[in-house]
Amino acid sequence: MATRIKQLVGHIAPPIDMATPELWQEVPLAPPDSIFKLTAAYKADPYPKKVNLGVGAYRDDDSKPWVLPVVKKATEKLLRNEALDHEYLPILGLPEYTAAAAKLILGSDSPALSESRAVSAQTISGTGANHLGALFLTKFYRFNGPKKVYLSNPTWANHHAIFRNVGIEPVDYPYYNPDTIALDLAGFIGSLQEAPPRSVFLLHACAHNPTGVDPTQEEWDTIANVMLDKNHYAFFDCAYQGFASGDLDKDAWAVRHFVQKGVPLLVCQSFAKNAGLYGERVGALHIVSPDKDTADRVRSQLSVLQRSEISNPPSHGARLVELILNDPEMFAEWKQDIETMSGRIISMRKELHRLLTQVHNTPGNWDHILNQIGMFSFTGLNAEQSKAMIERAHVYMTGNGRISMAGLNSHNIEYFAESLDKVVRGTL
């Protein structure tokens, strides 16, 4: 009888050699990350006029990474501090850093802070904040049906992977209208109204990635009102505060307005772009609770999740940002550095618009180049045109027509505008 059972099992499942450990031969090969693949292709291209408009990192007018002068000053100050050691930080991070980061995004006069109902955790940049926030939701949020999160179409590609990895399925909501190259407000509001009550919507606080299209303050107010009516939850991602407009307060307006109106929310924050600390991975997650008692319980569970994930966050980048945020002189210098970066990008937008409309008379309306905000711009090029830009002009950009404005400078913008004009006319 036992022999017969073994035979039947053998027909149902293939035999496994129990003496051999798993060696992963059947693990499928994953496709490479599209942005890193694009960057690798750019680096391997010997063409002298090649342009890299794919990477989402600031570059100066010579296409070089820029270490902010205030970051250099903060680094020197840390090096002179002989009292510093390399001991573990608390599980939720450097308290002086998380408190200052919360004030920066929520506002120093935020009721969430004065009433001690905001919980902050230091994270591995914005990506880690998104992950920790998603993990907290999958553990404790009372989803109305299957676990789903509504993501703008399009959004940062990594959003999909982050939520799927914790068992929350992404669902698109209308955001960008390719015909108008602008916000699809009607589609956005319609999705908010049609979604089941208590749905989770991920919102880009400013400088929407990848479109560069943001709601106006009036539109944000409309969005907030619908979310309140439907009892939706706002999952804010803020990777570009100050980098979008050059004004830290202006770029935090949507988040602060939602807090004032009482929309339930959390905020993911990053200092990669606005402080140029890409490799230091300095971020924070802020969860706004209805009262202090709830905040204390949220804090306790965030500590448990953080402990099992990374145990303790790294200290160096957090100490740099803490110095900059809490020292009035360095904070003022940081705002000047932010204006330098955002100002250069705004100047590139103006120059590109001028070249297309006044020099080349490129067919179409190019006002969206000026109207969009932040590091990225949706040019309006389709996949075939974007491919032609890469293969024929050696201009590296994503297939959806997105470019990083930070990749343009006084040395390559004329070549880019000329190539863009040719591909629009079909002569490239």
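Two strands pair if DSSP finds at least two bridges between them. Helices (H or I, at least four residues) and strands (E, at least two) are DSSP runs, numbered from the N terminus. The model is predicted: local features need pLDDT of at least 70, side-chain atom pairs count only at pLDDT 80 or more, and totals for chains, interfaces and linings use all residues. Residues are numbered from 1 along each chain as its sequence is written, and side-chain values use heavy atoms, with hydrogens and water left out.

**Exercise 1. The sheet**

Give the order of the seven strands in the open sheet, and name its edge strands.

Solution.
- Step 1. The order is β2-β10-β9-β8-β7-β3-β4, with mixed pairing.
- Step 2. β2 (118-124) and β4 (169-174) are the edge strands, since each pairs on one side only.
- Step 3. Angles run from 0 to 180 degrees between N-to-C directions, and axes are lines fitted to C-alpha atoms, for helices over the stretch in contact. With direction ignored, neighbouring strands of the sheet are turned by 25° against each other on average.
- Step 4. Contact means heavy atoms within 4.5 Å. Helix α4 (residues 95-106) packs on the sheet and touches β2, β8, β9 and β10. The direction of α4 makes about 70° with that of β10.

**Exercise 2. Pairing and burial around β10**

Find how β2 and β9 run relative to β10, then decide whether the residues of β10 are buried or exposed.

Solution.
- Step 1. β2 and β10 run antiparallel and are joined by seven bridges. Ile124 has Val282 as its bridge partner in β10.
- Step 2. β9 and β10 also run antiparallel, with six bridges. Here Leu266 stands opposite Ile287 in β10.
- Step 3. For contrast, β8 and β9 run parallel, joined by five bridges. Leu266 of β9 is the bridge partner of Phe235.
- Step 4. Buried means under 20% relative accessible area, exposed over 50%, and partly exposed in between (1.4 Å probe, protein chains only). Seven of the seven residues of β10 are buried.
- Step 5. One side of β10 carries Val282, Ala284, His286 and Val288, and the other Gly283, Leu285 and Ile287; all are buried, and both faces are covered.

**Exercise 3. Nonpolar cores**

State how many residues the largest nonpolar core has, and which helix gives the most to it.

Solution.
- Step 1. A nonpolar core is a set of buried Ala, Val, Leu, Ile, Met, Phe, Trp, Tyr and Cys residues joined through side-chain atoms within 4.5 Å.
- Step 2. The largest such core has 97 residues, and Leu203, Phe236, Phe258, Phe271 and Trp334 have the most contacts inside it.
- Step 3. Helix α14 (residues 328-359) gives the most to this core, nine residues.
- Step 4. A second, separate core has 29 residues, including Leu132, Leu137, Ala295 and Val298.
- Step 5. Beyond four places in sequence, Leu203 is in contact with residues including Tyr173, Phe188, Trp220, Met227 and Phe258.

**Exercise 4. Cysteines**

Count the disulfides, and explain why Cys268 has no bond to Cys238.

Solution.
- Step 1. A disulfide is a pair of cysteine sulfur atoms within 2.5 Å.
- Step 2. The count by this rule is zero.
- Step 3. Cys238 is in no disulfide: its nearest cysteine sulfur, that of Cys206, is 4.3 Å away. Cys238 is buried, at 1% relative accessible area.
- Step 4. For Cys268 the closest cysteine sulfur is in Cys238, and a bond is ruled out because the distance is 9.6 Å, too far. Cys268 is buried as well, at 0%.

**Exercise 5. Backbone exceptions**

Locate the cis peptide bonds at Pro154 and Pro210 and the positive phi values at Asn231 and Arg281.

Solution.
- Step 1. Most residues other than glycine have a negative phi, and most peptide bonds are trans.
- Step 2. The bond from Asn153 to Pro154 is cis, with omega near 5°; Pro154 lies in the loop between β3 (148-153) and α7 (158-164).
- Step 3. Asn209 and Pro210 are also joined by a cis bond, with omega about 20°. Pro210 lies in the loop between β7 (200-204) and α9 (217-230).
- Step 4. Asn231 has a positive phi near 60° and sits in the loop between α9 and β8 (233-238).
- Step 5. Arg281 has a positive phi of about 55°. Its place is the loop between β9 (265-270) and β10 (282-288), and Arg281 is partly exposed at 31%.
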